[in-house]
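Welcome, and thank you for joining this tour. Please open your viewer and keep the selection tool at hand.

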Amino acid sequence: MTAAPAVKVRHARRTYTADLAPVRALRGIDLDVGSGEFLAVTGPSGCGKSTLLNVIAGLDSLDEGTIEVDGQRVDGRDEDWLATFRRHHIGIVFQFFNLLDGVSALDNLVLPGVLGGMRRRAAESRARDLLDLLGLGDRAEQIPAVLSGGQRQRLAIARALVNEPTLLLADEPTGALDTAGGMEILELFRRLHAGGQTIVLVTHSPEVAAGAARQVLMRDGLIEADSASPAQASSSGADAEARDSEPVPADLAAGAV
Ligand SMILES: Nc1ncnc2c1ncn2[C@@H]1O[C@H](COP(=O)(O)OP(=O)(O)O)[C@@H](O)[C@H]1O
Ligand SMILES: [Mg+2]
């Protein structure tokens, strides 16, 4: 991989203190995501996918290790710094859309644009372009409640893209949709990727993960397999030279280019 890394995670550990026993959500993650990559992080429920996404976004903190996004350290920053950084570098999409219910589709996009420093007119023009791009051009004046689940998720993706973030993060974006709606969102991510967008998508669905260009499989807070470097599978990345020796599991390889 020659592209500059958009995300660099080193020795990331995160333990939650719970009543009974501590939960080790991340147990030492190393991960590079190149600029322009479309990466799916997959694995069973509870394996640490959301925690990984949240620490990359600076929404959660690390106990040990470092995170860089666009060459800048994200770990250990205060809320103000993170809020400003996220506005211009990171777009985030969640399972349940988190749209502003009381305002139009257009204003759901214009407001974050204005918050990001655009003039209203520029934000509006950007918003209309995005609505067109995502097939919502004729929905600009409608409120989210009258849109379908798939349309709402497309609107949430448009909102995440308003300020042209280098990195698009998505946590189970197809989780609240039926199969057809989920595939439609996946297809949209593939188009955005083709246009150069860096995407990290978290999903427990192997079908959705297979649609990404690269698959990382997590288990119990560790990376168990990475389609970009099969040798990492069982050795925690210790022996990257053994690249050709271990085949990728078929379900992981399915979506690899
Ligand atoms: N805020 C929290 N407090 C305590 N435990 C948490 C918290 N967030 C996540 N966990 C635990 O950390 C583990 C990993 O969670 P998560 O990253 O949400 O997994 P996934 O997204 O793969 O389902 C789980 O055991 C979960 O219960
Ligand atoms: Mg999760």
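Start by selecting Val 208, which counts as buried because 24 C-beta neighbours lie inside 10 Å, and 20 or more are enough for that label. Val 208 is found in helix H7. Show its surroundings next: leaving out residues up to four places away in sequence, Val 208 touches Ala 40, Thr 174, Gly 182, Leu 186 and Thr 203. For a distance to display, try the C-alpha atoms of Val 208 and Glu 187, which are 9.8 Å apart in space and 21 residues apart in sequence.

Before moving on, please note that this is a predicted model.

**Next along H7**

Now select Ala 209, also placed in helix H7, which covers residues 206-210. Is Ala 209 buried or exposed? Ala 209 is buried, as 26 other C-beta atoms sit within 10 Å. Add Thr 42 to the selection: 167 residues separate Thr 42 from Ala 209 along the chain, yet their C-alpha atoms are separated by 6.5 Å.

**Zoom out**

Colour the protein chain by secondary structure to find eight helices and ten strands. The chain has 257 residues, and 40% of them are buried. Of the contacts between residues at least 6 apart in sequence, 67% join residues at least 24 apart.

**Around ligand 1**

Select ligand 1 and show what surrounds it: Tyr 16, Ala 18, Val 23, Ala 25, Ser 45, Gly 46, Cys 47, Gly 48, Lys 49, Ser 50 and Thr 51. Which elements each supply at least two residues of this shell? They are strand S2 (23-34) and helix H1 (49-57). H1 gives the largest share, three residues. Colour the shell by class and you will find five nonpolar, five polar and one charged residues.

**Helix H4**

Go to helix H4, residues 120-133. At 1.5 Å a residue, its 14 residues should span 20 Å, and the end C-alpha atoms are indeed 20 Å apart, so the two values agree. Within H4, highlight the buried residues Ala 123, Arg 126, Ala 127, Leu 130 and Leu 131. They cover an arc of only 140° around the axis, so they lie on the same side of H4. Show helix H3 (105-115) and helix H5 (149-161) as well, since the buried residues of H4 pack against both. Following H4 you will meet Gly 135, with a positive phi near 75°.

**Two positive phi values outside glycine**

Select His 11 in strand S1, residues 5-16. Its phi is positive, near 50°, although the residue is not a glycine. His 11 counts as exposed because it has 12 C-beta neighbours inside 10 Å, and 12 or fewer earn that label.

Then jump to Glu 172, in the loop between strand S7 (167-171) and helix H6 (179-194). Glu 172 is not a glycine either, and its positive phi is about 50°. Glu 172 counts as buried, with 21 C-beta neighbours inside 10 Å.

**Last stop: confidence**

Finally, colour by pLDDT. The chain averages 88, and 88% of the residues score at least 70. Where is confidence lowest, and where is it highest? It is lowest in helix H8 (residues 250-253), with a mean of 42, and highest in strand S3 (residues 38-42), at 98. Over residues 233-257 the pLDDT is below 50, and this stretch has 38 contacts in the model beyond near neighbours in sequence. Where pLDDT is low, predicted coordinates should not be read in detail.

Conventions. Residues numbered from 1 in each chain as written. Chains lettered and ligands numbered in written order. Predicted model: local features only at pLDDT ≥ 70, side-chain atom pairs only at ≥ 80, totals over all residues. Near = placed C-beta within 6 Å. Helix = DSSP H or I, 4+ residues; strand = E, 2+ residues; numbered from the N terminus. Nonpolar A, V, L, I, M, F, W, Y, C, P; charged D, E, K, R; others polar. Contact = placed C-beta atoms within 7 Å. Expected span 1.5 Å × (residues − 1). Arc of directions from axis to C-beta. pLDDT = per-residue confidence, 0-100.
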